[in-house]
Amino acid sequence: MDIQQNISLKPFNTLAINAQARYFVDINKKKQVPEAIAFAQQRQLPVLILGGGSNIVLTGNFPGLVIKMSLLGFEFIHAASEPRRVYVNAAAGENWQSLVQACLNKNYYGLENLSLIPGRVGAAPIQNIGAYGVALAHCFESLEGWDCDAGCWKTLNAKQCEFGYRDSVFKHALKDRFVITSVTLALSLDPQVQISYGVLKGELEKQGLNTVINAVTPQQVASTVIKIRRSKLPDPIETPNVGSFFKNPSISAESFSRVKKNYPQIVSYQQDNGCYKLAAGWMLEHAGWRGKKRGAVGMHSAQSLVLVNYGKATSQNVLDLAKHIQQDIQQQFGVLLEIEPAIY
Ligand code: FAD
Ligand code: NAP
């Protein structure tokens with residue numbers, strides 16, 4: 001295990017924030033995980049587990065050990081008792097989109113709506129990645145990882161992961177305490193496309209596909225999701241960003257009726273628990289943040305929820321803009337926008 005010192009993290013975070021790791025290790029063998037954690041624990045160093053860096057905001061040099069997760073490989077597992085199902089077990093360092101594509105190539109279905117989400121497999125459970133009406137929990141079976149406090153390997157099922165909307169136990173009780181080394185997903189050999197999400201359905205219909213009798217294939221869903229994403233979201237390689245910077249807030253029915261009275265056009269979705277999810281992007285756009293620049297940072301012109309680094313932005317520039325927006329939205333709508341990416 002090669003532990004390096006004072007390594008720049010700029011190439012490893014898609015917001016391209018220039019910060020250094022005091023210690024840095026690139027892990028490509030499972031047995032290196034407990035070794036790396038022991039190194040950090042002996043020196044009482046904080047740990048940052050890094051996948052593709054597409055959902056983190058670095059606020060300065062990291063004083064501890066950055067563990068870059070590069071474990072690779074995946075296998076398909078068929079169970080004789082479940083002939084129409086296949087399990088895929090993928091190492092945490094695999095690229096998420098490569099896994100989605102590999103499954104589709106084999107005609108194993110369930111991941112198509114989650115096409116083109118940046119990042120690695122190991123980070124997918126952290127915020128229960130979701131897009132176009134589907135979340136990871138929909139096909140999640142289990143994951144394996146190293147429990148840093150207990151000092152042992154553990155397998156967690158969906159219930160133990162406590163998945164919620166862009167949320168899981170790894171953002172709370174197990175935050176930075178559990179190194180995910182592999183994830184197992186349950187896929188179907190039978191296409192069961194999920195196309196009720198408005199923008200997706202609309203785009204499929206534009207292509208002349210019959211969405212009423214479900215004649216759409218998972219491959220068509222995937223290619224359509226990719227098309228929509230490419231048209232709307234900035235490519236982090238060209239324009240550094242971490243996707244949606246704020247979560248869609250969920251508010252009580254009572255609060256919702258107050259907001260709706262002032263903003264009858266607000267985009268909202270009633271949830272099973274009676275609360276209402278508000279489209280944060282709509283609020284930002286309504287408040288005039290779409291395409292607005294503040295020095296080296298700004299909100300993207302095609303997607304107001306995406307904060308972008310136009311050049312040499314510092315973490316302070318990013319956090320100042322985020323705070324300014326939170327205050328503005330709170331003032332106008334009486335709603336607090338929560339930052340989605342993890343702040344380190
Ligand atoms: P990182 O940014 O490296 O890490 C994120 C968090 O997970 C950190 O707290 C990190 O410590 C932790 N972590 C990472 N790997 C491990 C591991 N192996 N074990 C334990 N903890 C770990 N997200 C969505 O949900 N839906 C979208 O549609 C979506 N679209 C996006 C579009 C763009 C253009 C961008 C830039 C981002 C988008 N995201 C989206 C956010 C992001 O891509 C996902 O959250 C992704 O899962 C992050 O993966 P990563 O490997 O880059 O994680
Ligand atoms: P959009 O299609 O413009 O829709 C705006 C918002 O409305 C979304 O946030 C979405 O919530 C919500 N929405 C739309 N139709 C819905 C329905 N039928 N039921 C419930 N909620 C609905 O959104 P977008 O910004 O272009 O993103 C498209 C999809 O990709 C979304 O699912 C979004 O979450 C995902 N995405 C996520 C990130 C990220 O970094 N987290 C970045 C880019 C895109 P949801 O967000 O809950 O779906």
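A polar contact, as I shall use the term this morning, is a pair of N or O atoms within 3.5 Å. With that settled, let me turn to the structure above, which is a predicted model. I shall take the two ligands in turn, and then the helices and loops around them.

I begin with ligand 1. An oxygen atom of ligand 1 makes such a contact with the side chain of Gln127, where the N or O partner is 2.9 Å away. The side chain of Tyr344 offers another N or O atom, 2.7 Å from an oxygen of ligand 1. At Arg120 the partner belongs to the backbone: a polar backbone atom there is 2.8 Å from an oxygen atom of the ligand. As for cover, ligand 1 taken alone exposes 980 Å², and the protein buries 94% of that.

What surrounds ligand 1? The shell holds 33 residues, and those that come nearest are Ile49, Gly52, Ser54, Arg229 and Tyr344. By class, 19 of the shell residues are nonpolar, 11 are polar and 3 are charged. Four strands each contribute at least two residues to this shell: β3, at 47-50, β8, at 130-131, β12, at 178-188, and β13, at 241-244.

Ligand 2 is the next subject. Its surroundings comprise 17 residues, with Tyr165, Arg166, Lys232, Lys277 and Gln303 the closest. Which side chains offer polar atoms to the oxygens of ligand 2? Arg166 does, with a polar side-chain atom 2.6 Å from an oxygen atom of the ligand. Tyr197 has a side-chain N or O atom 2.8 Å from a ligand oxygen, and Asn248 has a polar side-chain atom 2.8 Å from an oxygen of ligand 2. Ligand 2 taken alone exposes 790 Å², of which the protein buries 79%. The shell around ligand 2 divides into 7 nonpolar, 5 polar and 5 charged residues. At least two residues of that shell come from each of β8, α5 and β13. Strands β8 and β13 have already been named among the suppliers of the shell around ligand 1.

That brings me to helix α5. This helix covers residues 218-232, and its 15 residues reach 21 Å from the first C-alpha to the last, close to the 21 Å expected at 1.5 Å a residue. Its buried residues are Pro218, Val221, Ala222, Thr224, Val225, Ile226, Ile228 and Arg229. In an α-helix there are 3.6 residues a turn, so residues three or four places apart point the same way. The buried residues of α5 pack against α2, β8 and α4, the last at 198-206. Arg229, one of these buried residues, is also among the nearest residues to ligand 1.

Helix α2 is mostly covered, with 7 of its 10 residues buried. The buried ones are Trp96, Gln97, Leu99, Val100, Ala102, Cys103 and Leu104. They pack against β6, β7, β12 and α5. At the start of the helix, a side-chain oxygen of Asn95 comes within 3.0 Å of the backbone nitrogen of Gln97. After α2 comes Asn107, with a positive phi near 65 degrees.

The loop between α2 and β8 contains Asn113. Is Asn113 buried or exposed? Because its relative accessibility is 1%, and the cut-off for buried is under 20%, Asn113 counts as buried. Beyond its neighbours within four places in sequence, Asn113 is in contact with Ala131, Tyr132, Val134, Gln194, Leu200, Val221 and Val225. Of these, Val221 and Val225 are buried residues of α5.

Ile117 also has its place in the loop between α2 and β8. Ile117 is buried, with a relative accessible area of 11%. Not counting residues up to four places away in sequence, Ile117 touches Trp96, Gln97, Ile129, Gly130, Ala131 and Arg229. Its C-alpha lies 26 Å from that of Ala21, a residue 96 places away along the chain.

I close with a further loop, the one between β18, at 297-299, and β19, at 306-309, where Ser304 lies. Ser304 counts as buried because its relative accessibility is 2%. A polar atom of its side chain lies 3.0 Å from the backbone oxygen of Gly281. Leaving aside neighbours within four places in sequence, the contacts of Ser304 are Gly281, Leu284, Glu285, Arg290 and Met299.

Terms used:
Residues numbered from 1 in each chain as written. Chains lettered and ligands numbered in written order. Predicted model: local features only at pLDDT ≥ 70, side-chain atom pairs only at ≥ 80, totals over all residues. Heavy atoms only, no water. Near = heavy atom within 4 Å. Polar contact = N/O pair within 3.5 Å; in protein donor to acceptor, adjacent residues only side chain to side chain. Areas by Shrake-Rupley, 256 points an atom, 1.4 Å probe, with all protein chains shown as cover. Nonpolar A, V, L, I, M, F, W, Y, C, P; charged D, E, K, R; others polar. Expected span 1.5 Å × (residues − 1). Buried < 20%, exposed > 50% of the residue type's maximum accessible area, 1.4 Å probe, protein only. Contact = heavy atoms within 4.5 Å.
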